[in-house]
Each structure stands twice: as structure tokens, then as C-alpha cells.
Amino acid sequence: MQGTVTKSTGSWYQVKTDTGEIIQCRIVGKLRLRGIKSTNPVAVGDVVEFKMEEGEETAVISDILPRKNYIIRKSVNLAKQTQIIAANLDQAVLIVTLDFPKTYPRFIDRFLVTAEAYSIPAVVVFNKVDLYSDADLDELEFYTLAYEDAGYTVLHSSVPGELGLEELKELLQNKTSLLSGHSGVGKSTLVNTVEPGLDLKTKAISSSHHQGQHTTTFAEMFELSFGGNIIDTPGIRGFGLVDMEKEEIGDYFPEIFRIKGQCKFNNCIHIEEPGCAVKAALEEGELAYTRYDSYVNFVNGTDEDENYRKDIYAS
């Protein structure tokens, strides 16, 4: 029998068949993952084969069908392990906030680079814009232009202000979408607004630290009444890059990839080489300094500590 994994708790997997039947499945032994070393062998969105256990209403997963794509990150507590967040996606939607809690550019860029590397279209949604100060709005304009110039779809949203909700609904329609971001950025509130029947749990921001508190415990797929599915994930604190050579990282920044052919040297890393078109674009204001800063840190491997809460642009 076959079905799609709609929930993963680490030990049990909820699998939905083509007829809509929900089967609780587990894994016996080790599944071979075609070279992927992951803390979770099966992810939400995977299409799996399973066999019912004799005399039981539960089943055992016997195989994972080839994935169209997947999005993966380095585990925060296990540096040598990786975690597959979800599989078989049409798009990845990153919900961010400029404050309450603050999302820093390098976190956004790590997510976008990973989506590019695994061939997943990505969208950036700046949420809670009703709370932004004038300085925040100036910052929002800068980031919006930076990511739109790179080629990404950027939305602004506010539930109290009823801003961007129809655009988000249209974006999600008839697609399987991963929704991700830090705890407290308002993922669940946004989803509950565009699809009230889901009634996902929400929790207030910590007043002492201005940071989110986890409400989603496990990744789970939900069917949308207007067509499509969303995969809601636990709030992600850090997002480590996985198995990327420094020579290829620039290819995952679309705006760098577009102009790298104009560099003097074919093997240009865009840091110290003469005749670099990327550095020229930076100096001429055609490349956002935040994006270039992320690129340099990824290439140099100086961003591995995952300290996204440190504001590297405070000065």
C-alpha cells in the first residue's frame, strides 16, 4: 500500500492514502536513504510504501518512493547530523518579522540558499508590519527591494491590518507549501486567518525576551479547503547549511549567479579577485550589502555558530 506522510512524531508517522484513510505507521530496522544521513529517515510529504501489521490497525513503512525534492538543514545540537524538514514541495514560504521576534538577514539567506540548492521555489513573507516603526518600515523597504531584485516573491502581511492575506491565500492555492520561520513570527495566526477551520495553536511572544515560544511540536501537513496543502513546522531557531562547497555557494544567490559570467576569472570566488563583476555590482549599489555579507560568511564558513540573534548590522 502507498500513502503520503502527513505527520511525523519521530517514532510514529501518520500516513494518508489516496482514498483519504489515515494509517499510523512505524519503522522497523533501518531504511536506506540513498546516501542521506539524517536524524529523521522519513519526512512529512514523503510518499511511502507500507504493510499492515498482522492483527493490528497499524502498519510498517517498508520503503520511501523517490523524492521530487526536499529541504534539509544542519541539526543545531548535532553538528554532524542533518534534518529533512519536508519533502515533495511546490514551494517554501519563509515567514519573518523585523521585530517581536527579530529575524536577521543571514537566517533568511541560509534558508533561501538551501531552497535554491534543492530546487524549491521560495517566498519571503514579512509579517506583523502593523507593528513596525518608521525605522522598521525603511528597513522593510530595503529588504523587499533586495529580495525582489534577487528574484524572490516578497509579501507584506498583517492579520490585524488585514494586509496581504488574500495574496497569501492565492499563493498557497493548489500547491504543497512548507511554512517555516522562527517561533513567534505568526505562522499559525496567518494560517488560521486564511483557513479558519484549521484552528492551529498560537502562543504569545515572551515579554522578557521578545522571542517566540514553540507552539508546533511536530511537522504536520494540513489540507486547505481552497486547494493545496501546507506543511506547518516547529519554529526553527537555526538553519545550518549542508554539504556545500564554497565554489558553488554563489550559484545559490540568483543575483550573483546572473552576473558571475562577467567576472575576469572563471573560478572567481567574488571576494579578493580582481576584475570581479560581483564586487563591482556591490560598489555600484546593484547588489544588496546584506546579501553579499551573507555570501562571504557562508563561503568563509564563519556563520556556522547559528547565532542568528546577534545583530551583525547594529553598528
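Here is a short back-and-forth about the predicted model shown above.

User: Before we start, what kind of model is this, and which pLDDT cut-offs apply?
Analyst: Residues are numbered from 1 along each chain as its sequence is written, and side-chain values use heavy atoms, with hydrogens and water left out. It's a predicted model, where totals for chains, interfaces and linings use all residues, while side-chain atom pairs count only at pLDDT 80 or more and local features need pLDDT of at least 70.

User: How many helices and strands does the protein have?
Analyst: Both are DSSP runs numbered from the N terminus: helices are H or I with at least four residues, strands are E with at least two. On that basis, the protein has eight helices and 13 strands.

User: What percentage of the 315 residues count as buried?
Analyst: Buried means under 20% relative accessible area, exposed is over 50%, and partly exposed sits in between (1.4 Å probe, protein chains only). By that cut-off, the buried part of the 315 residues is 51%.

User: Does the length of α1 agree or disagree with the expected span?
Analyst: The expected span is 1.5 Å times one less than the number of residues. For the 13 residues of α1 (105–117) that gives 18 Å. The end C-alpha atoms are 18 Å apart, so the two agree.

User: Is α1 largely enclosed or largely open, and what covers its buried residues?
Analyst: 11 of the 13 residues in α1 are buried, so the rest of the structure largely encloses it. Among those buried are Phe 107, Ile 108, Phe 111 and Leu 112. Counting contact as heavy atoms within 4.5 Å, the cover includes β6 (70–74), β8 (91–96), β9 (122–126), α2 (134–150), β11 (176–180) and α8 (289–300).

User: Which element gives the largest share of the largest nonpolar core?
Analyst: A nonpolar core is a set of buried Ala, Val, Leu, Ile, Met, Phe, Trp, Tyr and Cys residues joined through side-chain atoms within 4.5 Å. The largest one has 43 residues, and those with the most contacts inside it are Ile 71, Phe 111, Leu 112, Phe 126, Tyr 147 and Leu 178. Its largest share, five residues, comes from α1.

User: Which residues of α1 does Tyr 147 contact?
Analyst: Leaving aside neighbours within four places in sequence, the contacts of Tyr 147 include Phe 126, Tyr 152, Val 154 and Arg 291. From the buried part of α1, Tyr 147 also touches Pro 105, Ile 108, Asp 109 and Leu 112.

User: Why is there no bond between Cys 268 and Cys 276?
Analyst: A disulfide here is a pair of cysteine sulfur atoms within 2.5 Å, and the structure holds zero of them. Cys 268 is buried at 9% relative accessibility. Its closest cysteine sulfur, in Cys 276, is too far away for a bond, at 3.7 Å.

User: Which residue following α1 has a positive phi?
Analyst: Most residues other than glycine have a negative phi, and most peptide bonds are trans. The residue in question lies in the loop between α1 and β9 and is exposed, at 60% relative accessibility. With phi near 60 degrees, it's Ser 119.

User: What is the omega of the cis peptide bond that joins Phe 100 and Pro 101?
Analyst: Pro 101 sits in the loop between β8 and α1. The cis bond joining Phe 100 to Pro 101 has an omega of about -5 degrees.
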